[in-house]
Amino acid sequence: LMLTGWIPIIVGLLVTMIAGMILERFHKSFTNLPIMLPVVNGIAGGLLSVYACRLASAYLLGNDDLPVKTPLTILLLTPPLSLTVFACIKTFGMGHRLVSANGLLLYGLSLSSQVLVMLLLAKKMVRVCVDRQWDAATISLPLLTAFSDLIGTVLLIIVGFSLTLFK
């Protein structure tokens, strides 16, 4: 438990700390970044956790062929969740620059890209854990969540730079 439980958590904390340092560097340049970051990383992290747990269970039961509909469903859930978030942000009067046609498009592409990359990473990471007879959920979930935070932060900064170009 000590090796398989704490090491992924510590590595995950270090990766998330890097994401935090990146956020610290750019939060003044893009004032909407702190508003959007928990949403982006929350949507991706939540969807990803469900997928990783399903993968681990399927692999442990000897089912290597998880239906294609699972990651496809997760990818299809991403745009409606994004639109819901945008509606809430607009309703509460936050993130004015992100609630535009360009912001919507770039944010949606960013979140979908993040989810796609993380789905692929989750499949590979869980497979490696199961093949080595490690506890896939204990090892992969903290690492996947941390890398999702890092990717989400970087992609949102790219969206911020892109929106300043469209101004």
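Leaving aside neighbours within four places in sequence, which residues is Ala136 in contact with? The points below answer this and go through the helix packing of what is a predicted model.

1. Ala136. The place of this residue is in helix H5. Apart from neighbours within four places in sequence, Ala136 is in contact with Ala56, Val126, Cys129, Val130 and Leu141. With a relative accessible area of 3%, Ala136 is buried, because the cut-off for that class is under 20%. Gly20 is a different matter: Ala136 and Gly20 are separated by 116 residues in sequence and by 26 Å in space, C-alpha to C-alpha.

2. Val126. One of the contacts of Ala136 is Val126, and the contact list of Val126 is worth reading beside it. Neighbours within four places in sequence aside, Val126 is in contact with Ala52, Leu55, Ala56, Tyr59, Ala136 and Ser140. Val126 is also among the five residues that touch the most other members of the largest nonpolar core.

3. The core. The largest nonpolar core has 35 residues, and Tyr107, Leu111, Val126, Leu144 and Leu156 touch the most other members. At least two residues of this core come from each of H2, helix H3 (69-91), H4 and helix H5 (136-166). H2 gives the largest share, 13 residues. The next three points take the packing of H2 against H4, H5 and H3 in turn.

4. H2 with H4. Helix H2 covers residues 33-60 and helix H4 covers residues 101-131; the two pack at an angle of about 30°, and their axes are 9 Å apart. This angle makes H2 roughly parallel to H4, since angles under 35 degrees count as roughly parallel. The crossing in which H2 passes H4 is right-handed. Sorted by class, the H2 contact with H4 has 20 nonpolar, 2 polar and 2 charged residues.

5. H2 with H5. Here the packing angle is about 150°, with the axes of H2 and H5 9 Å apart. H2 is therefore roughly antiparallel to H5, the cut-off for that description being over 145 degrees. H2 and H5 have a right-handed crossing. On the H2 side the residues that meet H5 are Leu33, Met36, Leu37, Val40, Asn41, Ala44, Gly45, Leu48, Ser49, Ala52, Cys53 and Ala56. On the H5 side they are Ala136, Ser140, Leu141, Leu144, Thr145, Ser148, Asp149, Gly152, Thr153, Leu156 and Ile157. By class, this contact of H2 with H5 has 14 nonpolar, 8 polar and 1 charged residues.

6. H2 with H3. H2 and H3 pack at an angle of about 160°, and their axes are 11 Å apart. The two helices are therefore roughly antiparallel to each other. H2 passes H3 in a crossing that is right-handed. From H2, the contact uses Ile35, Met36, Val39, Ile43, Leu47, Tyr51 and Arg54. From H3, it uses Thr70, Pro71, Ile74, Leu77, Thr78, Leu81, Ser82, Val85 and Ile89. The class count for H2 with H3 is 12 nonpolar, 3 polar and 1 charged residues.

7. Thr153. Helix H5 holds Thr153, which is listed among the H5 residues that meet H2. Is Thr153 buried or exposed? Its relative accessibility is 1%, so Thr153 counts as buried. Setting aside neighbours within four places in sequence, Thr153 is in contact with Ala19, Ile22, Leu23, Leu37 and Asn41. Leu37 and Asn41 are also listed among the H2 residues that meet H5.

8. Ile151. Ile151 has its place in helix H5. The relative accessible area of Ile151 is 23%, so this residue is partly exposed. Beyond neighbours within four places in sequence, Ile151 is in contact with Gln114, Val117 and Met118. Ile151 and Gln114 lie 37 residues apart in sequence and 6.5 Å apart in space, C-alpha to C-alpha.

9. Gln133. One backbone angle deserves a look. Most residues other than glycine have a negative phi. Gln133 is not a glycine, yet has a positive phi of about 60°. Where does Gln133 lie? Gln133 is in the loop between H4 and H5. With a relative accessible area of 73%, Gln133 is exposed.

How values were computed
Residues are numbered from 1 along each chain as its sequence is written. This is a predicted model: local features need pLDDT of at least 70, side-chain atom pairs count only at pLDDT 80 or more; totals for chains, interfaces and linings use all residues. Side-chain values use heavy atoms; hydrogens and water are left out. Axes are lines fitted to C-alpha atoms, for helices over the stretch in contact, and angles run from 0 to 180 degrees between N-to-C directions. Helices (H or I, at least four residues) and strands (E, at least two) are DSSP runs, numbered from the N terminus. Angles under 35 degrees count as roughly parallel, over 145 as roughly antiparallel, 65 to 115 as roughly perpendicular and the rest as oblique. A crossing is left-handed if the near helix is turned anticlockwise from the far one by less than a right angle, and right-handed if clockwise. Ala, Val, Leu, Ile, Met, Phe, Trp, Tyr, Cys and Pro count as nonpolar, Asp, Glu, Lys and Arg as charged, and the others, Gly among them, as polar. A nonpolar core is a set of buried Ala, Val, Leu, Ile, Met, Phe, Trp, Tyr and Cys residues joined through side-chain atoms within 4.5 Å. Buried means under 20% relative accessible area, exposed over 50%, partly exposed in between (1.4 Å probe, protein chains only). Contact means heavy atoms within 4.5 Å.
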